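I opened the model today to look up how it is put together. My notes follow the order in which I looked.

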2 protein chains.
Amino acid sequence: MPEESRGPIDRLAIVGLGLIGSSIARAARRYGLARTIVAVDRDPAVRDRVQELGIADHVTGDPAEGASDTDLVILCVPVGAIGAAAAEMAPHLKPGAIVSDVGSVKGAVVAAIQPHLPDGVALVPGHPIAGTEFSGPDAGFATLFQGRWCILTPPEGTDPAAIDTVRALWAGMGANVETMSADHHDHVLAITSHLPHLIAYNIVGTAAELEEATQSEVIKFSASGFRDFTRIAASDPTMWRDIFLNNRDAVLEMLGRFNEDLSALAKAVRWGDGEALHAMFTRTRAIRRSIVALGQETAAPDFGRPRPPEE
Amino acid sequence: MPEESRGPIDRLAIVGLGLIGSSIARAARRYGLARTIVAVDRDPAVRDRVQELGIADHVTGDPAEGASDTDLVILCVPVGAIGAAAAEMAPHLKPGAIVSDVGSVKGAVVAAIQPHLPDGVALVPGHPIAGTEFSGPDAGFATLFQGRWCILTPPEGTDPAAIDTVRALWAGMGANVETMSADHHDHVLAITSHLPHLIAYNIVGTAAELEEATQSEVIKFSASGFRDFTRIAASDPTMWRDIFLNNRDAVLEMLGRFNEDLSALAKAVRWGDGEALHAMFTRTRAIRRSIVALGQETAAPDFGRPRPPEE
C-alpha cells in the first residue's frame, strides 16, 4: 500500500462531532488528510460550537448537503443512531463514495448501514480504540489516535481501493490499522471493552445504592481502588446503552465466563484458600506488563495521575 | 489538639520498608516529624537498599533493636504478618510506647496485635488511603500522603495522648485524619477497596484464560477499557491475599450486593431494556464528579495519562 504517496481525500464528511468526530476533524486538518472537511450534526448547539472552534470547512445540519459530492463519509454517532444517519445520507451519495463509521460494535452496524447504501458505494466500517471519558466537540484533540489501534471490518467483497483509502486516513492520523471480521471484532471487544464497562458501571451502581452515610465515605475513601472504576463508568450513557443493545450475545458470553471465575474466587475467599488467591493475584500482574510493553499504557504509577510535587 | 505545637517523635521505628513504610520514612524526615528514624526489615536486600537510599538513621533486621527505647512503632508489613511482627517487638517495648500499623484491614489486625502488647503500651491502628500499584522501598515517596485520608481505629479506652501522637504524625505528613471503629472501617473499605480489587483481579484473570490468540488481542486493544482494571490487578499479591483472608465477611457481603446488581444489569442487556441501561449509566457519572470535587481524583481525561504532544 503506497500510503505515503496517496494524496489527501477531496471531500471528507464527518457526521456527529463528538469526542471522536471532532478529533478526526482536527487530525485530518492537522495532518493534511482532506482538502475539504464537512461537519454534519443535527444538534444546532454542536454546529455552533464547531463553527467557533473552526475545526471544519463547512458545517451543516443537512445530511443531503453533507453527502453531496463527498468522497468519504464517517458516521460518528452512537451505534443506535448509525442506521438512521446512513439512511439519510445514502440517497445523496455519488457513485464511488465510501461510507465508514467509528462504532464500538461492528456486526450490528454493518447490518444497519448496508441495506441503505446504493450500488457503487463502498462500506468500510472502522473502530478506533481510543477515547477518553469526556464527550462533545470540545473533548476532541488531534493526537487522540496517535499510537492507538484502529480496526477495520470491511465485509467480504469490498473494493480494496476503498479499504486502502480508509486505512490511509487512519494511518495518517497516527493509528495502527488492523483488519478483521465484524464477528471477531465484536468478540474481542466484548472482553477488552464492553465487559469492563459493564462491570465498572455495576460496581459504581452498587456503591451508589449504599446507605447514604456509607456512600459519602465511599467517595471520600475512593483512592483505595474504587475511583479507578468511576472513570469508565462516567462515559457517555447513550453510546454505552447502544453498545450493550447491539453486542448482546458476545457481552453475555463474556459475562458468563467472568461470573464463573468470580464464583471460584469468592469460594477461595470464603474457604480461606490463600494459595489459590496468591497464585491468581500473581498471574494477573503479567498482563499489565505486556500492555505497558506494547505501548498501550503508561508505566507511571497511578496511571501518571498528577501527584503533589516533591518540592 | 495543638498539633502545631507538638514536637517531633524522639524515636520512630518503621517495620517493613515497602511502598508505605519507605514513604513514611521519607515523609517523617522531610517534614521533621521524628528525631531518629529506625528501619526494621527482615529482608537483607531491603535493608541494603534502604541503606543506599539513606532514608533512615538506623537500619536493622533485629526486632529487639527496633523496639528498644522506641516511642512509636509502625508495622508496615502485610496484614497476615502483622501479628508475628508485633509478637517479636512487644517484649522489648518500653512503657508508654505506642504501636501502630498501616494495614488495609483493621478488625483482624487489632485482634492479631493486641494480645502481644504489654501493659502500658498503646495500640493505635491506622490505615492511610494512599498508594500506587508498585511495591518495595524504591516505590515510596515523601508526598504520597499529601491530601489523602488516614483512618485511625483506636480500640475503646485507648490513651487519648497516644491517639494524638499518631494523628499528629499523619497530619504532619499531609494526610487528613479520621477516626472510626475497626468494624466500620472494614465495612467501608470492603466496598471502596477490597471489592474493586477482587473484581479487577477477576476480570484480568478471565482475560488471561481466553484462547491464546484472543489473549494477545486483549493486550493489543486494551485501551478500550480493560487496561484501567489491570493497574490495581498488578498490586502486591501477598498484601492482597492477606486482605481477603482477613476481611472475609465484609467482602463477601459486598460481593453479594454486587452480584445482585450484576444479575439485574445482565437481565437488562438480555432483554434489551435500553431505558434501564441509560438510567443506570447516567446515575454513575455523578459519583465520579463528587470524587473529583473532593480532591480525591484528577479531572484530567484518562486520569491525566501522558498523551502525545499537540505539537
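These entries go from the whole chain to the pairing of chains, and then to single residues.

**Entry 1: what I am looking at**

I note at the start that this is a predicted model. I looked up the secondary structure of chain A and found twelve helices and nine strands. Next I checked the radius of gyration of chain A, which is 21 Å. The globule rule gives 19 Å for 311 residues, and the two values are close, so chain A is as compact as a globular protein of that length. I also looked up the extent of the C-alpha trace of chain A, which spans about 65 × 45 × 40 Å along its principal axes.

I then asked what percentage of the 311 residues in chain A are buried. The value is 57%. For contacts in chain A, I took those between residues at least 6 apart in sequence. Of these, 74% join residues at least 24 apart.

**Entry 2: the two domains**

The domain assignment splits chain A into domain 1 (8–180) and domain 2 (184–295). I looked up the distance between the C-alpha centres of the two domains of chain A, and it is 30 Å. How many residues of each domain are in contact with the other? In chain A, 15 residues of domain 1 are in contact with 18 residues of domain 2. On the domain 1 side of chain A, α4 (79–89) and α5 (107–113) each supply at least two of the touching residues. I sorted that side of domain 1 of chain A by class and wrote down six nonpolar, seven polar and two charged residues.

I also looked at Ser181(A), which is found in the loop between β9 (176–179) and α7 of chain A. Ser181(A) has 15 C-beta neighbours inside 10 Å, so it counts as partly exposed. From Ser181(A) to Trp170(A) the sequence separation is eleven residues, and the C-alpha atoms are 18 Å apart.

**Entry 3: chain A against chain B**

I looked up how the copies are related. A turn of 180 degrees, with a shift of 0.0 Å along the axis, lays chain A on chain B with an RMSD of 0.0 Å. That is the relation of a two-fold axis.

The contact takes 95 residues from chain A and 95 residues from chain B. Which helices of chain A each supply at least two residues of the side that touches chain B? They are α7 (182–208), α8 (212–220), α9 (226–232), α10 (237–246), α11 (248–270) and α12 (274–293). The largest share of that side of chain A, 18 residues, comes from α7(A). By class, the side of chain A that touches chain B has 50 nonpolar, 25 polar and 20 charged residues. I noted too that 100% of the interface residues of chain A are also interface residues in chain B, so the copies meet through the same surface.

**Entry 4: Arg231(A)**

I picked Arg231(A), which is in helix α9 of chain A. Is Arg231(A) buried or exposed? There are 22 other C-beta atoms within 10 Å of Arg231(A), and 20 or more is the cut-off, so it is buried. Leaving out residues up to four places away in sequence, Arg231(A) touches Glu133(A), and it also touches Asp228(B), Arg288(B) and Phe303(B). I looked up His197(A) as well: it is 34 residues from Arg231(A) along the chain, and their C-alpha atoms are separated by 9.7 Å.

**Entry 5: the nonpolar core**

The largest nonpolar core has 218 residues. Those with the most contacts inside this core are Ile14(A) and Ile14(B). I listed what Ile14(A) is in contact with, leaving aside its neighbours within four places in sequence. The contacts include Ile24(A), Ile37(A), Val40(A), Ile74(A) and Cys76(A).

**Entry 6: two positive phi values**

Asp69(A) has phi near 60 degrees, a positive value in a residue other than glycine. Asp69(A) lies in the loop between α3 (63–67) and β4 (72–75) of chain A. With 14 other C-beta atoms within 10 Å, Asp69(A) is partly exposed.

Phi of Asp302(A) is also positive and near 60 degrees. I placed Asp302(A) in the segment after α12 of chain A. Asp302(A) has 19 C-beta neighbours inside 10 Å and counts as partly exposed.

Conventions:
Residues numbered from 1 in each chain as written. Chains lettered and ligands numbered in written order. Predicted model: local features only at pLDDT ≥ 70, side-chain atom pairs only at ≥ 80, totals over all residues. Domains from an automatic or database assignment. Contact = placed C-beta atoms within 7 Å. Helix = DSSP H or I, 4+ residues; strand = E, 2+ residues; numbered from the N terminus. Nonpolar A, V, L, I, M, F, W, Y, C, P; charged D, E, K, R; others polar. Rg over C-alpha atoms; globule rule 2.2 N^0.38 Å. Buried ≥ 20, exposed ≤ 12 C-beta atoms within 10 Å, placed from the backbone. Least-squares fit on C-alpha atoms with pLDDT ≥ 70 in both. Core = buried A, V, L, I, M, F, W, Y, C linked by C-beta atoms within 7 Å.
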